[in-house]
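Let's take a walk through this model together, from the overall makeup down to single residues. Have the structure open and follow along.

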Amino acid sequence: MQLKTILNRVQKFKSFVYGAVRWVEDSSPPALEVELHPRANGQAVCSGCGRGGPGYDRLPVRRFEFVPLWGMKVFLVYAPRRLACPRCGVKVERLPWALGKHPLTEAYAWFLASWAKRLSWREVAEVFHMSWETVFGAVEMAVLWGRAHVDLSGIHSLGVDELAWGRGHRYLTVVYQMTPVASGCCGSERNARSRRCCASSVGWARKSQGQGLALLGAPRMQRSGGLRFICSDMWKPYLKVIAKKAGQAIHVLDRFHIMAHLSKAIDEVRAQEARQLKAQGFDPVLTKTRWLLLKRPENLTEKQETRLSDLLRYNLRTVRAYLVGSKN
Ligand SMILES: [Zn+2]
């Protein structure tokens with residue numbers, strides 16, 4: 001069986017044919033070069049609009065790295081045609097194996113991206129003798145493809161939150177499916193118990209731009225009536241984007257964040273009133289009461305419990321704030 005026959009089985013391109021296969025000794029490790037030619041009478045397809053057009057000229061030969069074989073690098077070798085497209089002008093033809101001007105074939109990029117799921121990107125780069133940036137490019141291609149083909153059916157509730165990422169104040173806005181992911185979805189049983197990340201956007205500021213919902217296509221889900229609940233931490237830009245993009249969904253406020261806001265409010269009232277009492281010369285009843293008021297009642301020590309019930313007898317703004325907060 002010839003190499004060309006194998007290639008035609010694993011990677012056939014409709015309008016192109018495989019030509020001579022060369023063994024290249026002068027590279028380390030040795031490489032195989034496989035020529036590609038346009039099929040006879042095959043018309044070049046414009047990379048701009050995807051339509052055929054009359055030929056113009058040919059560019060110099062380019063090498064596109066393909067999936068390695070027997071530890072050897074494999075390159076597809078082809079001189080791209082240019083065509084005089086009636087709509088776009090003179091353009092390079094679309095090559096079904098290439099990723100724009102990238103020297104990797106699409107098949108090899110997918111191969112690397114699949115290894116990058118199992119190994120670190122640095123390890124993949126080392127094993128396959130390439131730069132970290134090349135592996136990054138392959139993963140980026142796979143992620144962009146995944147985003148464009150994400151299946152949003154069956155998602156009725158979403159959560160929006162941010163994650164600290166890397167060093168410094170770098171944050172990611174993450175939009176995720178709240179309900180358990182259906183078994184078998186995303187091709188893994190493990191996902192049945194996990195929450196599925198649906199979209200993310202990077203931000204350098206305290207919070208990223210809250211674009212996740214738009215990325216996810218929340219408006220599309222809303223129109224189809226699929227999106228029914230959405231949960232967030234009440235950060236204003238999230239509230240705005242949710243009202244705009246998913247107004248029909250019920251906005252659930254996260255209990256953890258409500259409690260955090262209440263605790264902050266109680267603490268502000270306490271600090272202000274403590275300063276006021278001190279300035280007016282009253283007994284410092286609020287001194288060292290911060291944790292009495294902020295801790296969960298069930299976590300208080302016996303001594304703290306007694307102090308808290310003493311404190312609650314005073315007619316203070318802090319006490320009223322505590323009582324309002326603890327009812328929630
Ligand atoms: Zn065109």
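What follows goes from the whole chain to a helix pair, the cores and a few individual residues.

First, some ground rules: this is a predicted model, where local features need pLDDT of at least 70, side-chain atom pairs count only at pLDDT 80 or more, and totals for chains, interfaces and linings use all residues. Residues are numbered from 1 along each chain as its sequence is written.

The protein chain has 11 helices and 12 strands; helices (H or I, at least four residues) and strands (E, at least two) are DSSP runs, numbered from the N terminus. Of its 328 residues, 21% count as buried. Here "buried" is for a residue with 20 or more other C-beta atoms within 10 Å of its own, "exposed" for 12 or fewer, and "partly exposed" for anything in between, with C-beta atoms placed from the backbone. Two residues are in contact if their C-beta atoms, placed from the backbone, lie within 7 Å. Among contacts between residues at least 6 apart in sequence, 49% join residues at least 24 apart.

Now look at helix H2 (residues 106–116) and H4. Their axes come within 8 Å and cross at roughly 95 degrees, so the two helices count as roughly perpendicular to each other. That label covers angles of 65 to 115 degrees, while under 35 is roughly parallel, over 145 roughly antiparallel and the rest oblique. The axes are lines fitted to C-alpha atoms, for helices over the stretch in contact, and angles run from 0 to 180 degrees between N-to-C directions. On the H2 side, the contact is made by Ala 109, Trp 110, Leu 112, Ala 113 and Ala 116, and H4 brings Val 135, Ala 138, Val 139, Met 141 and Ala 142. These residues divide into 10 nonpolar, no polar and no charged. Nonpolar means Ala, Val, Leu, Ile, Met, Phe, Trp, Tyr, Cys and Pro; Asp, Glu, Lys and Arg are charged, and the others, Gly among them, polar.

Both helices also feed the largest nonpolar core: strand S4 (62–69), strand S5 (72–78), H2 and H4 each supply at least two of its residues. A nonpolar core is a set of buried Ala, Val, Leu, Ile, Met, Phe, Trp, Tyr and Cys residues joined through C-beta atoms within 7 Å. This one has 18 residues, and Phe 64, Phe 66, Leu 76, Ala 109, Leu 112 and Ala 138 have the most contacts inside it. Domain 1 (1–97) and domain 2 (99–149) both contribute residues, so the core lies between them; the domain bounds come from an automatic or database domain assignment.

Next door in sequence, Val 124 sits in helix H3. Val 124 is buried, with 24 other C-beta atoms within 10 Å. Not counting residues up to four places away in sequence, Val 124 touches Leu 112, Trp 115, Ala 116, Leu 119 and Val 135. The C-alpha atoms of Val 124 and Val 135 are separated by 7.1 Å.

Finally, check two backbone angles. Most residues other than glycine have a negative phi. Asn 41, however, has a phi near 65 degrees, and this residue lies in the loop between strand S2 (31–38) and strand S3 (55–58). His 129 has a positive phi of about 55 degrees and is found in the loop between helix H3 (121–127) and helix H4 (132–148). Asn 41 is exposed, with 6 other C-beta atoms within 10 Å; His 129 is exposed too, with 11.
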